[in-house]
Amino acid sequence: MTDMTGAEMVIAALADQGVEHIFGYPGGAVLPIYDALFNQDRVSHILVRHEQGAVHAAEGYARSTGKVGAVLVTSGPGATNAVTGLTDALCDSVPLVVITGQVPTHLIGNDAFQECDTVGITRPCTKYNYLVKNVADLPRVLHEAFHIAASGRPGPVVVDIPKDIQFAKGAYSRPREFQHRGYRPKTKGDLDKIKEAVDMMAAAQRPLFYTGGGVINSGRAASDLLRELVKLTGFPITSTLMGLGAFPAADRQWLGMLGMHGTWEANWSMHDCDLMIAVGARFDDRITGRLDAFSPGSKKIHIDIDPSSINKNVKVDLAIVGDCAHVLEDMVRLWRASALVPDKKALEAWWTQIGKWRAKNSLAYRNSNEIIKPQYAIQRLYELTKGRDIYITTEVGQHQMWAAQLYQFQEPNRWMTSGGLGTMGYGLPAAVGVQLAHPNSLVVDIAGEASVLMTMQEMSTAVQYDLPIKVFIINNRYMGMVRQWQELLHGGRYAHSYTEALPDFVKLAEAYHAHGIRCEHPGELDEKIREMLKVNKPVLFDCVVDPAENCFPMIPSGRPHNEMLLGDAATRVEDAVTEEGKVMV
Amino acid sequence: MNTAATTHYPAMTTSQQVESRTLCVLVDNEPGVLARVIGLFSGRGYNIDSLTVSETEHEEHLSRITIVTRGTPMVIEQIKNQLDRLVPVHRVVDLTSGGPALQRELAMVKVRGKGEHRMEALRLADAFRARVIDATNESFVFEITGASDKIESFVNLMRPLGLVEVSRTGIVAIGRGPEGM
Ligand SMILES: Cc1cc2nc3c(=O)[nH]c(=O)nc-3n(C[C@H](O)[C@H](O)[C@H](O)COP(=O)(O)OP(=O)(O)OC[C@H]3O[C@@H](n4cnc5c(N)ncnc54)[C@H](O)[C@@H]3O)c2cc1C
Ligand SMILES: Cc1ncc(C[n+]2csc(CCOP(=O)(O)OP(=O)(O)O)c2C)c(N)n1
Ligand SMILES: [Mg+2]
């Protein structure tokens with residue numbers, strides 16, 4: 001037990017929780033905490049340029065390390081600026097502890113200067129939140145916040161601390177064992193059910209693993225166990241946007257991403273499988289399309305740590321509540337121990353069918369010698385960085401989908417993107433957080449020119465802390481994803497999706513004391529990407545691409561999987577059949 | 001440390017006496033209305049000691065919320081004004097402004113026991129005018145209505161006799177005399 005002020009308790013608790021960096025922005029209601037940050041070296045503070053950036057940076061930090069991200073902002077506008085980031089973290093299950101300053105307790109509810117109802121505003125966009133009105137509660141609340149953020153289905157937790165509580169003195173100690181009165185997420189899966197699942201898997205003729213962000217949340221062991229199980233069974237595997245990297249994209253059993261912009265083979269396998277094994281994925285509408293036509297003939301097994309994810313959109317036949325790593329471990333063990341033999345012949349036929357879908361080559365595009373195709377830019381970036389120690393973040397739009405389709409991830413925690421909320425402006429600050437966590441790694445934000453302007457000011461943060469992030473802007477001058485929908489669904493009426501005035505990104509980079517590169521011709525792309533990789537500074541890379549390119553495949557919202565649209569470069573069905581036919585004969 | 005000197009906020013005003021008040025709030029029975037009322041209390045740091053809600057005028061879709069709260073006269077005044085400002089709120093009346101209002105609560109009390117304890121529970125229930133609404137050969141459920149302190153004492157007396165659980169409605173209240181709210 002040590003006597004200290006509430007502000008000092010905040011630093012002590014952060015340090016005790018192993019927080020290395022806290023992303024923040026000062027203001028009146030958190031000055032005592034900033035005072036406590038001064039002249040200490042247990043926790044380093046990273047000064048961002050906007051509170052939204054602080055939260056996204058913490059998300060990048062958290063997602064790339066598996067640790068809890070920490071944020072410190074002031075009351076009122078500081079807290080409201082953090083709301084987008086909080087909602088983003090809630091949608092994508094990212095563990096964060098966000099500390100907000102509040103007006104002194106005696107003024108709460110009084111419309112005081114820079115007062116807002118932080119716990120009221122953030123209740124729907126946090127996993128849990130606290131208003132601390134007694135300094136004696138502060139040590140417990142702070143440690144509880146970390147526990148709640150990281151355990152079960154992870155998410156953001158807000159701790160709102162009035163200024164008088166920051167000044168008040170009390171006793172601090174780190175709780176030894178942590179047991180919450182009511183909150184006890186279940187991590188071990190029910191063994192009987194896991195046994196049943198293994199039996200169903202052994203009996204399946206057209207099985208498919210459908211994995212998601214939960215595997216990443218669960219930690220490295222879950223990815224390793226997933227790989228082991230996929231190898232043992234010989235089943236095909238697809239993943240959501242959030243789960244990329246859990247299974248290596250270079251592997252033969254990998255079908256690519258599924259969903260709205262997923263591959264032909266992944267979506268058709270989902271549609272035609274007879275057993276779907278969902279692991280840490282939440283049957284999002286980008287995946288299911290029209291619900292009544294979603295994988296109509298399959299039995300479904302769902303492994304998820306959050307009981308409310310189960311039977312939310314799609315009714316499943318067998319639900320296993322538990323942590324992926326635990327459940328997968330039991331599955332691997334039971335599969336190895338069982339004398340069950342999968343139907344080899346059926347599986348072979350299933351792979352043959354999948355081979356036909358693959359032959360469609362659904363990610364193909366027509367390249368050009370005159371103009372850089374966005375897909376080509378991402379493929380070159382991949383080829384020139386593959387094998388390196390690299391982390392990719394993205395903004396939101398077409399570039400994000402192309403990155404997901406074409407950049408091949410071999411390892412978990414290497415891919416940071418805003419999936420659930422789809423927050424433009426996520427990628428640049430997220431890259432800042434990732435680079436801090438991995439100072440010697442290459443960190444690239446694959447960006448759109450519209451998105452990146454939403455949080456561009458964090459370039460200034462990157463420069464201040466010598467974080468050599470690379471912002472690779474796929475510049476099509478359009479809000480490309482919006483333009484694509486307008487083209488396909490609104491008769492080509494491009495209302496306000498073209499940006500008439502864009503900054504000169506090279507000059508903008510220079511204004512930030514960063515490095516700017518522009519590339520306009522396919523022929524010079526490789527050389528300029530190499531230049532980007534060589535510069536040991538933050539870089540804005542303005543990659544000027546074809547403004548008219550669309551992202552395919554695409555399942556228009558609310559349509560079933562068999563109404564998937566393809567680009568004109570993909571092999572047509574007739575051709576695929578003849579091609580396949582040639583091989584077969 | 002003198003906190004007032006290091007902050008840009010005014011210091012606390014000299015404290016007034018904290019009082020308990022019962023407020024009746026007539027609201028449109030629409031989705032989310034209860035969340036708005038409760039959110040006002042939590043957001044502004046007001047206390048709720050008891051809360052009951054039910055639709056009372058079906059044709060007009062009006063619900064009556066009875067809230068028992070605590071605060072200084074200034075805070076109570078603020079609470080009333082803040083409640084009144086909510087769009088779906090029709091009227092707010094402080095039932096305790098003109099002296100104590102009629103306040104009742106209903107509780108169901110489950111007691112489990114045999115022999116002498118069972119007899120004693122029945123005798124006390126009789127004295128408190130509690131009714132038996134469910135009985136097995138080893139348990140009773142009593143229904144009791146009255147002011148909160150009466151229910152409190154009944155529950156306390158049942159504790160050593162095998163109290164299992166209590167369910168209470170919270171306070172409903174109405175003004176005395178011929179006038180409505
Ligand atoms: C423009 C745009 C287009 C998109 N298009 C696509 C698309 O084509 N394809 C696609 O896949 N996505 C797409 N998305 C993303 C989509 O919106 C969803 O974010 C995504 O599909 C959800 O992924 P998920 O199911 O893996 O769930 P997540 O949001 O990652 O949720 C994880 C699930 O796992 C559970 N979980 C968490 N931790 C554990 C644990 N330890 N153990 C077990 N379970 C756990 C959680 O309870 C939850 O149910 C798109 C997004 C944008 C912005
Ligand atoms: C904050 C926010 N506002 C609006 C949207 C809707 N939206 C989705 S994609 C998109 C266009 C993104 O344009 P850009 O960053 O240039 O990427 P591109 O699609 O061109 O690759 C918009 C406006 C959003 N996702 N987030
Ligand atoms: Mg664009």
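In this predicted model, a polar backbone atom of Tyr478(A) sits 2.9 Å from an oxygen atom of ligand 2. Two other residues make polar contacts of this kind. Ser451(A) brings a polar side-chain atom to 2.6 Å from a ligand 2 oxygen, while Ala450(A) uses a polar backbone atom, at 3.2 Å from an oxygen of the ligand. On its own, ligand 2 would expose 590 Å², and the protein buries 76% of that. Helices α17 (398-406), α19 (449-452) and α21 (480-489) of chain A are the elements that each give two or more residues to the shell.

The shell around ligand 2 holds 17 residues, with Gln398(A), His399(A), Gly422(A), Ser451(A) and Gly480(A) the closest. Sorted by class, it's an even split of eight nonpolar and eight polar residues, plus one charged residue.

Tyr478(A) turns up again at the magnesium ion, ligand 3, where its backbone O is one of the protein donors. Glu449(A) supplies two OE atoms and Asn476(A) its OD1, and these protein donors lie 2.0 to 2.6 Å from the ion. Along the chain, the donors are spaced as E-x26-N-x1-Y. Glu449(A) belongs to helix α19 of chain A, whereas Tyr478(A) is in the loop between β18 (470-475) and α21, so the pair ties together parts that are 29 residues apart in sequence. Both Glu449(A) and Tyr478(A) are buried.

What about the geometry of the magnesium site? For six octahedral donors, the ideal angles are 90 or 180 degrees. Here, the angles among the six donor atoms run from 53 to 173°, and the site counts as irregular.

Ligand 1 has its own set of neighbours. There are 36 residues around it, and Gly213(A), Thr240(A), Arg282(A), Asp304(A) and Asp323(A) are the closest. Asp323(A) places a polar side-chain atom 2.6 Å from a nitrogen atom of ligand 1. The backbone joins in too: a polar backbone atom of Leu241(A) is 2.8 Å from an oxygen of ligand 1, and a backbone N or O atom of Met260(A) is 3.1 Å from an oxygen of the ligand. Taken alone, ligand 1 exposes 990 Å², of which the protein buries 96%.

Helices α10 (213-218), α13 (285-288) and α17 of chain A each give two or more residues to the ligand 1 shell, and the largest share, four residues, comes from α10(A). In terms of class, the shell is made up of 16 polar, 13 nonpolar and seven charged residues.

Technical notes:
Residues numbered from 1 in each chain as written. Chains lettered and ligands numbered in written order. Predicted model: local features only at pLDDT ≥ 70, side-chain atom pairs only at ≥ 80, totals over all residues. Heavy atoms only, no water. Near = heavy atom within 4 Å. Polar contact = N/O pair within 3.5 Å; in protein donor to acceptor, adjacent residues only side chain to side chain. Areas by Shrake-Rupley, 256 points an atom, 1.4 Å probe, with all protein chains shown as cover. Nonpolar A, V, L, I, M, F, W, Y, C, P; charged D, E, K, R; others polar. Donors = N, O, S within 2.8 Å, 3.2 Å for Na, K, Ca; no water. Tetrahedral: all angles 85-135°; square planar, octahedral: opposite > 155°, others 65-115°. Buried < 20%, exposed > 50% of the residue type's maximum accessible area, 1.4 Å probe, protein only.
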